[in-house]
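Biologist: Hey, I'm new to this one. Can you walk me through it?

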Amino acid sequence: MKKMPRQPEVWKYDLGDGWEALAGKTDADNDVLSLKTARPNDLWFHVHGMPGSHVILQGPDGLKPDNSIVKAAASIAAWHSKARNAGTVPVSCTESKHVSKPRRAKPGTVTIRKEKTVKVRPGLPC
């Protein structure tokens, strides 16, 4: 019998116009969210250089998010991190297809390529 992959526990945020941000609650949830749930062209976010949730931005197929949606998802990643009470925070962003897990790495550890940095204030959508 094939084992069904577990669904990650996530916080969900509706960003409007069909866009949704998903933030992992634990390291194991981050693994499943980043490596199984995310589609190749979804955007992936994580606060730069600190512990925090992995955030996946999902939207309508074939559409690219505008800058305000990207910044909103980056703000969510900053909020769900150790940098929550900081001012402006650098958040790494890349397409999910550029996120991978090193062999034998502990849960929640990933490597990313082709990232951009978005500077935002931590916060949640209203």
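Modeller: Sure, we'll go through the sheet and then the helices. Keep in mind that this is a predicted model.

Biologist: OK, in what order do the strands of the sheet come?
Modeller: The order is β1-β2-β4-β3-β5-β8, six strands in an open sheet with antiparallel pairing.

Biologist: And which strands stand at the edges?
Modeller: Those are β1 and β8. Each has a single partner strand, so one side of each has no neighbour in the sheet.

Biologist: How much are neighbouring strands turned against each other?
Modeller: On average by 25 degrees, ignoring direction.

Biologist: Let's zoom in. How many bridges join β2 to β4?
Modeller: Four, and the two strands run antiparallel. As an example, Ala21 has Leu57 in β4 as its bridge partner.

Biologist: Now the helices. Which strands does α1 touch?
Modeller: Helix α1, residues 27–37, packs on the sheet and touches β1, β2, β3 and β4. Its direction makes about 140 degrees with that of β2.

Biologist: And what does α2 touch?
Modeller: α2 packs on the sheet too, touching β1, β2, β3, β4, β5 and β8. The α2 direction makes about 75 degrees with that of β8.

Biologist: Which residues of α2 are buried?
Modeller: Ile69, Val70, Ala73, Ala74, Ser75, Ile76, Ala77 and Ala78. What covers them includes β3 (43–47) and β5 (89–95).

Biologist: Last one: what span should α2 have, and how far apart are its ends?
Modeller: Helix α2 has 13 residues, 67–79, so at 1.5 Å a residue it should span 18 Å. Its end C-alpha atoms are 18 Å apart, which agrees.

Terms used. Residues numbered from 1 in each chain as written. Predicted model: local features only at pLDDT ≥ 70, side-chain atom pairs only at ≥ 80, totals over all residues. Heavy atoms only, no water. Expected span 1.5 Å × (residues − 1). Buried < 20%, exposed > 50% of the residue type's maximum accessible area, 1.4 Å probe, protein only. Contact = heavy atoms within 4.5 Å. Pairing = 2+ DSSP bridges. Axes fitted to C-alpha atoms, helices over the stretch in contact; angles between N-to-C directions.
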